[in-house]
Each structure stands twice: as C-alpha cells, then as structure tokens.
Amino acid sequence: MHLLLQGGPTAADAPGPRTGGLPLVPAGFAWPHCRECDSPLLFIAHLPLDHGTAAVFLCDFDPGMCDTWLADGGANHAYLFPPGTPLAPAAAPDDPNVPTLLPTTTALHPADRPDDRPEVGRVGGAPDWIQDPEIPACPGCAAPMEFAAQLENDDTGINFGDDGLGYLFTCRPCVRAAFLWQC
Ligand SMILES: [Zn+2]
Ligand SMILES: [Zn+2]
C-alpha cells in the first residue's frame, strides 16, 4: 500500500500517476461514451499499478444527472491495460456540450508515509468506505473485484460529491477494472 500525495502540475502525458491530462491508451482505443446520455466521458485519472495501467473516466454532462457513482451504470468507465502494452496519449474528442479533459494535470506523488502535501488517495490497502461497502462483481467473471486505488475530491475539477471518495477495483485474471464513488 502507498499513499498518493498531491504532487503539483505535471505534463499532460506524464507516465506517473496523475489526475487530468491525456489517457495513455493502446492502439485502436475508442474514447468511451456514457451509456445514459451518450456524451463522451471526462478523463479523470491515469494510475499505473503493479498489474497494469488504469484509466478512469466519468460522465460530466449536466453533473448529477447520470449515475456516475455506480460501478455498473455505464456513466463511468475504468480500463486496465495489461503490463507491457505499448501506450500512447489518446486524442480527446472535442464535444461542444461536455468537457472530456480536466482543466489541469496534477501529479499524484506516491509516498510510504504522509508529509506536508495533501493526501489525495492511495494505491492498495483497504478502501475507506463512506457508505456501506460496495465491492463490484467483475464484469468478466462475476467474482468480487480486488480494491486497487482510492481517489479523493481535489481542486482539479473531479466531482465525487461533497468530500467524496472514488474507488478503483480490478480483476487480475480478467484484466478488467471498475470504478465507483461515494459521498
Ligand atoms: Zn452521462
Ligand atoms: Zn474477472
């Protein structure tokens, strides 16, 4: 388990953990759309893990309208790209009605212990559930998924409600990811 501390501005294609910027994706990647409103999703986080690279997207159309907090509602999407997959920055779709990129790119500095930088999440360990635990079932094999990372609201435009937390889960055998949030 390690903490993620706010690391300040970084490049849009930085390889380290970050919120915002561009997703790093494999060849042939198609930008995800919301299953509820069909808008292109907002890319919020790039998280390299020991078992792949995660990319997290949420619907930001008329915030609050689509069920972005649900792991299986289709208003968010989390990817897990297998280790060793060649990844390159994706071109974000330009939609006049909805943002697809955050206004800033912020490094998430991995650290073993807290320091004076704000703590904005963690990788591994156990989730700090705000509501009842909601461990998603893997969309591939239906087994309970493994907690991979947690992200806090910060001042970068991510919206998990008031003082919310976002939770990333993965299934290693299926190389799948799921995301939900609570507040
Ligand atoms: Zn939507
Ligand atoms: Zn699975």
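**Figure 1. Spacing of the zinc donors along the sequence.** The donor residues of the zinc ion (ligand 1) follow the pattern C-x2-C-x21-C-x6-C. Two of these donors sit in separate loops: Cys37 belongs to the loop between strand 3 (24-25) and strand 4, and Cys59 to the loop between strand 5 and strand 6, so the pair ties together parts that are 22 residues apart in sequence. Please keep in mind, here and in the views that follow, that this is a predicted model.

**Figure 2. A close-up of the zinc site.** Which atoms hold the zinc ion (ligand 1)? Coordination comes from the SG atoms of Cys34, Cys37, Cys59 and Cys66, at 2.3 to 2.4 Å. The angles among the 4 donor atoms run from 100 to 119 degrees, and the site is tetrahedral. Have a look at Cys59 as well: its relative accessibility is 6%, so this residue counts as buried.

**Figure 3. Two loop residues with positive phi.** Most residues other than glycine have a negative phi, so the two aspartates shown here deserve a moment. Asp38 has a phi near 70 degrees and lies in the loop between strand 3 and strand 4. With 57% relative accessibility, Asp38 counts as exposed. Asp62, also not a glycine, has a positive phi of about 45 degrees. This second aspartate, Asp62, is found in the loop between strand 5 and strand 6, and its relative accessible area of 46% makes it partly exposed.

**Figure 4. Strand 4 and its pairing partners.** Strand 4 spans residues 42-49, and 7 of its 8 residues are buried. Strand 2 (residues 18-19) runs antiparallel to strand 4 and is joined to it by 2 bridges. To find this pairing, look for Arg18, which stands opposite His46 in strand 4. Strand 5 (residues 52-58) pairs with strand 4 too, again in the antiparallel sense, over 7 bridges. Strands 4 and 5 form a hairpin, with 2 residues between them. A good landmark for the hairpin is Leu49, which faces Gly52 of strand 5.

**Figure 5. The largest nonpolar core.** In soluble globular proteins, nonpolar side chains tend to be buried together. Here the largest nonpolar core has 24 residues, and those with the most contacts inside it are Leu4, Ile44, Leu47, Leu49, Phe160, Leu168 and Phe179. At least two residues of this core come from each of strand 4, strand 5, strand 6 (76-81), strand 9 (119-123), strand 10 (146-152) and strand 12 (176-182). Which strand gives the most to this core? That is strand 4, with 5 residues. Another core, of 13 residues, lies apart from this one and includes Val25, Ala55, Tyr79 and Phe81.

**Figure 6. The surroundings of Phe160.** Phe160 is one of the residues with the most contacts inside the largest nonpolar core. What does Phe160 touch, leaving aside its neighbours within four places in sequence? Its contacts include the nonpolar core residues Ile44 and Phe179. The list of contacts also takes in Leu58, Leu151, Glu152, Asn153, Leu165, Gly166, Trp181, Gln182 and Cys183.

**Figure 7. A salt-bridge network centred on three side chains.** Asp50, Glu146 and Arg172 are linked in a network of salt bridges. On one side of the network, Arg172 forms a salt bridge with Asp50, with the closest N and O atoms 3.6 Å apart. Arg172 lies in the loop between strand 11 (165-171) and strand 12, and Asp50 in the loop between strand 4 and strand 5, so this pair ties together parts that are 122 residues apart in sequence. Arg172 also forms a salt bridge with Glu146, where the closest N and O atoms are 2.8 Å apart. Glu146 is in strand 10 and Arg172 in the loop between strand 11 and strand 12, so here the parts tied together are 26 residues apart in sequence. How accessible are the three? Asp50 counts as exposed, at 66% relative accessibility, while Arg172 at 40% counts as partly exposed, and Glu146 at 33% counts as partly exposed.

**Figure 8. The salt bridge between Asp115 and Arg117.** The model has 4 salt bridges in total, and this view shows one in which the side chains of Asp115 and Arg117 meet, at 2.8 Å from N to O. Asp115 counts as partly exposed, at 36% relative accessibility. Arg117 is partly exposed as well, with a relative accessible area of 30%.

Conventions. Residues are numbered from 1 along each chain as its sequence is written. Chains are lettered from A and ligands numbered from 1 in the order in which they are written. This is a predicted model: local features need pLDDT of at least 70, side-chain atom pairs count only at pLDDT 80 or more; totals for chains, interfaces and linings use all residues. Side-chain values use heavy atoms; hydrogens and water are left out. Buried means under 20% relative accessible area, exposed over 50%, partly exposed in between (1.4 Å probe, protein chains only). Helices (H or I, at least four residues) and strands (E, at least two) are DSSP runs, numbered from the N terminus. Two strands pair if DSSP finds at least two bridges between them. A nonpolar core is a set of buried Ala, Val, Leu, Ile, Met, Phe, Trp, Tyr and Cys residues joined through side-chain atoms within 4.5 Å. Contact means heavy atoms within 4.5 Å. Donors are N, O and S atoms within 2.8 Å of the metal (3.2 Å for Na, K and Ca); water is not among the atoms, so sites may look incomplete. Four donors count as tetrahedral if all angles lie between 85 and 135 degrees; four count as square planar and six as octahedral if opposite donors are over 155 degrees apart and all others between 65 and 115; anything else is irregular.
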